[in-house]
Amino acid sequence: MTNSKCGFVAIVGAPSVGKSTLLNRLLGEKVAITASKPQTTRHRILGVLTEPHGQLIFWDTPGLHLSERLLNQEMISLSKAALADADVVLWVVDAIKRGLDHHLARDMTKAVNKPLIVAINKVDKVPKEGQALLDQLTKSLNPGSRGSVFQVSAKSGHGLYELKNELYKSLPPQELLYPPDTLTDQPLRVLVGEMVREAVFRLTSQEIPYATAVTVEEFNEPFDKNPFYFISATIHVEKENQKKMVIGHTGKSLKAIGQTARLSLEKFLDCRVFLRLFVRVTKDWSKHPQKLQEFGYAE
Ligand SMILES: Nc1nc2c(ncn2[C@@H]2O[C@H](COP(=O)(O)OP(=O)(O)OP(=O)(O)O)[C@@H](O)[C@H]2O)c(=O)[nH]1
Ligand SMILES: [Mg+2]
């Protein structure tokens, strides 16, 4: 009989509540991109945390929300699959803004009959005089016999030690399912594309973040004479006017996207990066199942 606890934790919740930030913070590494705009995450992202007493295998998921859009429906089905496959559900709630889709997330997490841990995130944003309201919210979200509620901050790390301990308690005793040095299942190339998409998400506005997909065409590791990564990637948008917006007047916007993406890639890869970006119109890609598949957003 093993002493270690190990199992799958589905991180679910409404868009923008801080699911991906929480995952990165728990792992101490960036495996998921984050942005202040909703619907940033489009995949089910695996993040593995191995500690002396076991292994927490997280799935970060796209924010649960209602949408007619094909891409969004694919995203939501990934979140539902994670809920169905997990050993324990970690429902993340924003301490300040509940948002329209809060009830959808609540109903979906209620519907699965599994241990449920609620993390009320962003408590660093709650002013002193808001503490009573926060405590009221904490009481109202208590899942009773299914689990418990924690006040946390993915930004400051507040409450995460206690949250982790509770997650371990809900997992079955079993041998580690992944080798201890596993961090994520995403190929490096996919992560690199995601970091370029993060820069687009953060630096553009209106419909552009939602009309963007990124593919990586070249990914060359450093070697003796070339002490940097050489990466070339394409930013796909759906319409000609969107391409103009991404490039910007005299290329200013694309330059800023390139700079931001390069800096986060250099931090992540711990090495200098030469990044070449192209912008291409792939007409209405988010409406075509085949394109969604090609860009990795559908099975
Ligand atoms: N102040 C504060 N901001 C936070 C915290 N956690 C996340 N954020 C911010 O909230 C925004 C959304 O964070 P994400 O991690 O991208 O949220 P998400 O739930 O993964 O969003 P989707 O993938 O779109 O569903 C970002 O601007 C984060 O910096 C926190 O604990 N405190
Ligand atoms: Mg996310």
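These legends go with close-up views of ligand 1, its pocket and a cavity in a predicted model.

**Figure 1. The residues that gather around ligand 1.**
Welcome to the ligand site, where 22 residues surround ligand 1. If you are looking for landmarks, start with the closest ones: Lys-19, Thr-21, Gln-39, Thr-40 and Asp-124. Sorted by class, this shell is made up of 12 polar, 5 nonpolar and 5 charged residues. Helix α1, which runs over residues 19-27, supplies the largest share of the shell, with 3 residues.

**Figure 2. Polar atoms of Thr-21, Ala-35 and Thr-41 beside oxygen atoms of ligand 1.**
Zoom in on the side chain of Thr-21 and you will find a polar atom 2.5 Å from an oxygen atom of the ligand. Thr-41 also takes part through its side chain, where an N or O atom is 2.8 Å from an oxygen atom of ligand 1. For Ala-35, look to the backbone instead: an N or O atom there lies 3.2 Å from a ligand oxygen. On its own, ligand 1 would expose 650 Å², and the protein buries 88% of that area.

**Figure 3. The largest pocket, home to ligand 1.**
The space that ligand 1 takes up is the largest pocket, and about 840 Å³ of space lies within this pocket. Its lining is formed by 36 residues, and those closest to the pocket centre are Thr-21, Asn-24, Thr-34, Ala-35 and Arg-202. Thr-21 is thus a handy landmark here, being also among the residues closest to ligand 1.

**Figure 4. Helices and residue classes in the pocket lining.**
Which elements give two or more residues to the lining of the largest pocket? They are α1, α6 (188-203) and α8 (252-269). The largest share, 4 residues, comes from α1, the helix that also gives the largest share of the shell around ligand 1. By class, the pocket lining holds 16 polar, 11 charged and 9 nonpolar residues.

**Figure 5. The cavity lined by Gln-39 and six other named residues, including Tyr-210.**
A search of the whole structure turns up 1 cavity of 30 Å³ or more. The largest cavity has a volume of about 30 Å³. Around this space you can pick out Gln-39, Arg-42, Arg-69, Leu-71, Asn-72, Met-75 and Tyr-210. These lining residues divide into 3 nonpolar, 2 polar and 2 charged. Gln-39 links this view to the first one, as this residue is also listed among the closest to ligand 1.

Terms used: Residues numbered from 1 in each chain as written. Chains lettered and ligands numbered in written order. Predicted model: local features only at pLDDT ≥ 70, side-chain atom pairs only at ≥ 80, totals over all residues. Heavy atoms only, no water. Near = heavy atom within 4 Å. Polar contact = N/O pair within 3.5 Å; in protein donor to acceptor, adjacent residues only side chain to side chain. Areas by Shrake-Rupley, 256 points an atom, 1.4 Å probe, with all protein chains shown as cover. 1 Å grid on protein atoms, 1.4 Å probe; cavity = no way out; pocket = protein on both sides within 12 Å on 5 of 7 lines; lining within 4 Å. Sits in = over half its atoms within 2 Å of the grid points. Nonpolar A, V, L, I, M, F, W, Y, C, P; charged D, E, K, R; others polar. Points joined across faces, edges and corners; volume = space filled by probe spheres on them.
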